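Good morning, and thank you for making time for this presentation. I shall speak about pockets first and salt bridges afterwards.

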Amino acid sequence: MNEYTLEEKYALIKQELLKCDSEDPIAIVKEIMQKDFVGIHGPEHHFLDGAAFLTSFKNAGGKINLSECLDELGKRTLKMPGAMCGHWGICGSVASVGAALSIINGTGPLSTDDHYKHNMEYAASVLSEMSKIGGARCCKRNAFLSVSRAVEFVNDKYGMKIKLGNIRCEFSRLNKQCLKNKCPFYKI
């Protein structure tokens, strides 16, 4: 595998996303996860997961400037260290998709509209689900959970029609800590 800086990985991910026309964020994220610049685990997922969601949102008719939104997401997620799940008690994928939601809605720390509350509801619901599964960490499993729940959330709350296909993990053989049957996406 080639060695890339995190900034280079982000640029390569953005380049791939800007060519994408899929409305299914899981299909998008899985396609990019296959690239040599995305590890089985790593902080590139902190950008990739929210970025795949933003891309599907745009492709499903969301009124955003995707390139600008990806740049803003990149600025926010570059600040997030690797291993947040184990060291901070919050999954970087959830924070990434939460950041994507805040970018879509223009939510900030002083926002008083329902989007502020909704973003917190989303994050709390996904973290609750992740806590039931437990560890060890898996960036693929957590991406599938956070992105799929974001689709359900946005479709329900905002009337979007983002597509979501069947989720099966093809990465378990690469993950030495795979939870196998404990994972809802484990492919037998």
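Let us begin with the largest pocket, which has 14 lining residues; those nearest its centre are Ala95, Gly98, Ala99, Asn119 and Met120. Two elements, helix H6 (92–105) and H7, each give two or more residues to this lining. H6 gives the most, with 5 residues. I should say at once that the model before you is predicted. The volume of the largest pocket is about 380 Å³. By class, its lining comprises 8 nonpolar, 5 polar and 1 charged residues.

I turn now to the second largest pocket, whose volume is about 230 Å³. Its lining consists of 18 residues, and nearest the centre lie His46, Ala83, Cys85, Arg137 and Cys139. Here the elements that give two or more residues are helix H3 (44–59), helix H5 (84–88), H6 and H8. H5 provides the largest share, 4 residues. The lining of this second largest pocket divides into 6 nonpolar, 10 polar and 2 charged residues.

The remaining topic is salt bridges. How many salt bridges does the count come to? The count is 11, and I shall describe three examples.

In one of them, the side chains of Lys157 and Glu121 meet, with a distance of 3.2 Å from N to O. Which parts of the chain does this pair tie together? Lys157 lies in helix H8 (residues 139–158) and Glu121 in helix H7 (residues 114–133), so the salt bridge ties together parts that are 36 residues apart in sequence. Lys157 is partly exposed, at 34% relative accessibility, and Glu121 is likewise partly exposed, at 32%.

Another salt bridge joins Arg149 to Glu152, whose closest N and O atoms are 3.7 Å apart. These two residues are 3 positions apart in helix H8, so about one helical turn separates them. Arg149 has a relative accessible area of 22% and is partly exposed; Glu152, with 42%, is partly exposed too.

A network is also present: salt bridges that share partners join Glu16, Lys19 and Lys35. Within this network, Glu16 forms a salt bridge with Lys19, and the closest N and O atoms are 3.6 Å apart. Are these two partners buried or exposed? Glu16 has a relative accessible area of 18%, which is under 20%, and therefore counts as buried. Lys19, by contrast, has 59%, which is over 50%, and therefore counts as exposed.

That concludes my presentation, and I thank you for your attention.

How values were computed. Residues are numbered from 1 along each chain as its sequence is written. This is a predicted model: local features need pLDDT of at least 70, side-chain atom pairs count only at pLDDT 80 or more; totals for chains, interfaces and linings use all residues. Side-chain values use heavy atoms; hydrogens and water are left out. A salt bridge is a side-chain nitrogen of Lys or Arg within 4 Å of a carboxyl oxygen of Asp or Glu. Buried means under 20% relative accessible area, exposed over 50%, partly exposed in between (1.4 Å probe, protein chains only). On a 1 Å grid over the protein atoms alone, a cavity is a set of points where a 1.4 Å probe fits but cannot get out, and a pocket is an open set with protein on both sides within 12 Å along at least five of seven lines; lining residues have an atom within 4 Å of a point. Grid points are joined across faces, edges and corners, and a volume is the space filled by probe spheres set on the points. Ala, Val, Leu, Ile, Met, Phe, Trp, Tyr, Cys and Pro count as nonpolar, Asp, Glu, Lys and Arg as charged, and the others, Gly among them, as polar.
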